[in-house]
Amino acid sequence: MRKSQDVIGLPVYHVQTGRHLGIVRDLLFDETQRLCGLLLEDGGAFKPGRYLPSERIGAIGTDAVMADSEPIPFFSPQALRRWTGMLTGQRKLRGRPVMTEHGHALGMVEDVYFLENAGTLVGYELSDGWWSDWREGRKVLRTPLIWGEEIMIAPAVGWQMDE
């Protein structure tokens, strides 16, 4: 199980040539809440970056991501509409409020946990603000959420919150 913030910022290398392909800028998830690929920085602030589909990821290590093949040029910001990024896009995950079906606020998404082999989201790290984070620490919500347009919704029952 990995946190998205442990992967963002890692260098990406081609496993056969050892060539540096970029730096992980974001993780992209599809509507089934599975990792569909990585958005890579391409060396410039105004360049669109490149996309490394999950099937081209050989391994996500602690120090680098190893790719089986080259990333795809990422020319269209409209393509991001198909995916939800952790940090980028119109519906980014970080900073989105999480509520229960009964209207109880649980916090804001700060990070996500996923299984790197399957790409499945397994948890959400939630914050109640910096003071609460400092005093009590962040909480981890382990349940599938409904990804609404403006908020994320947890079932009223059956979820687990780890301190």
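Colleague: What makes strand β11 and β12 a pair?

Modeller: Six bridges join strand β11 (residues 105-114) to β12, and the two run antiparallel. At least two bridges are needed, so six is enough to call them paired. This is a predicted model, by the way. One of the contacts across the pair is the bridge between V109 and L126, the latter in β12. The two strands form a hairpin with six residues between them, and G119 in the turn has a positive phi of about 75°.

Colleague: What makes β12 and β13 a pair as well?

Modeller: Three bridges join β12 to strand β13 (residues 139-142), again antiparallel. The cut-off is at least two bridges, so β12 and β13 count as paired. One of the bridge partnerships here is E125 with V140 in β13.

Colleague: Why is strand β12 called largely enclosed?

Modeller: Six of the seven residues of β12 (residues 121-127) are buried, so the rest of the structure largely encloses this strand. For the protein as a whole, 44% of the 163 residues count as buried.

Colleague: E125 has a charged side chain. What makes E125 and R138 a salt bridge?

Modeller: Their side chains meet at 3.1 Å, N to O. The limit is 4 Å, so the pair qualifies. It links distant parts of the chain: E125 is in strand β12, while R138 is in the loop between α2 (130-136) and β13, 13 residues apart.

Colleague: Is E125 buried or exposed, and what about R138?

Modeller: E125 has 8% relative accessibility, and the line for buried is under 20%, so E125 is buried. R138 has a relative accessible area of 35%, which falls between 20% and 50%, so R138 is partly exposed.

Colleague: Why are K3 and D111 called a salt bridge?

Modeller: The distance is 3.9 Å, N to O, and the limit is 4 Å, so the pair counts. K3 sits in strand β1 (residues 2-3) and D111 in strand β11, 108 residues apart, which links distant parts of the chain. D111 is at 2% relative accessibility, under 20%, so D111 is buried. K3 is at 23%, so K3 falls in the partly exposed band.

Colleague: And what makes E110 and R94 a salt bridge?

Modeller: Their side chains meet at 3.1 Å, N to O, within the 4 Å limit, so E110 and R94 count too. E110 belongs to strand β11 and R94 to the loop between β9 and β10, 16 residues apart. With a relative accessible area of 16%, E110 is under the 20% line and therefore buried. R94, at 35%, is partly exposed. K3, R94, E110, D111, E125 and R138 are linked in a network of salt bridges, and the total count comes to seven.

Colleague: How do you know that R96 has no salt bridge?

Modeller: The nearest side chain of opposite charge is E149, at 8.4 Å. A salt bridge needs 4 Å or less, so R96 and E149 don't make one. R96 is nonetheless buried, and it lies in the loop between β9 (84-85) and β10 (97-100). Leaving aside neighbours within four places in sequence, R96 is in contact with residues including V109, W147, E149 and M152.

Colleague: Why are Y51 and W83 called stacked?

Modeller: There is one aromatic pair by the count, and this is the one: 4.6 Å centre to centre, with 20° between the planes. Centres within 6.5 Å make a pair and planes under 30 degrees apart make it stacked, so Y51 and W83 pass both tests. Y51 lies in strand β5 (residues 50-53) and W83 in the loop between β8 (72-73) and β9, so the pair ties together parts 32 residues apart in sequence. Y51 at 9% relative accessibility is buried, and W83 at 11% is buried too.

Colleague: What stands out about the phi of Q33, and is Q33 buried or exposed?

Modeller: Phi of Q33 is near 65°, a positive value in a residue other than glycine. Q33 is in the loop between β3 (20-29) and β4 (35-41). At 14% relative accessibility, under the 20% cut-off, Q33 is therefore buried.

Conventions:
Residues are numbered from 1 along each chain as its sequence is written. This is a predicted model: local features need pLDDT of at least 70, side-chain atom pairs count only at pLDDT 80 or more; totals for chains, interfaces and linings use all residues. Side-chain values use heavy atoms; hydrogens and water are left out. Buried means under 20% relative accessible area, exposed over 50%, partly exposed in between (1.4 Å probe, protein chains only). Helices (H or I, at least four residues) and strands (E, at least two) are DSSP runs, numbered from the N terminus. Lys and Arg count as positive and Asp and Glu as negative; His and the chain ends are not counted. Contact means heavy atoms within 4.5 Å. Rings of Phe, Tyr and Trp (its six-membered ring) pair if their centres lie within 6.5 Å; planes under 30 degrees apart count as stacked, over 60 as edge-to-face and the rest as tilted.
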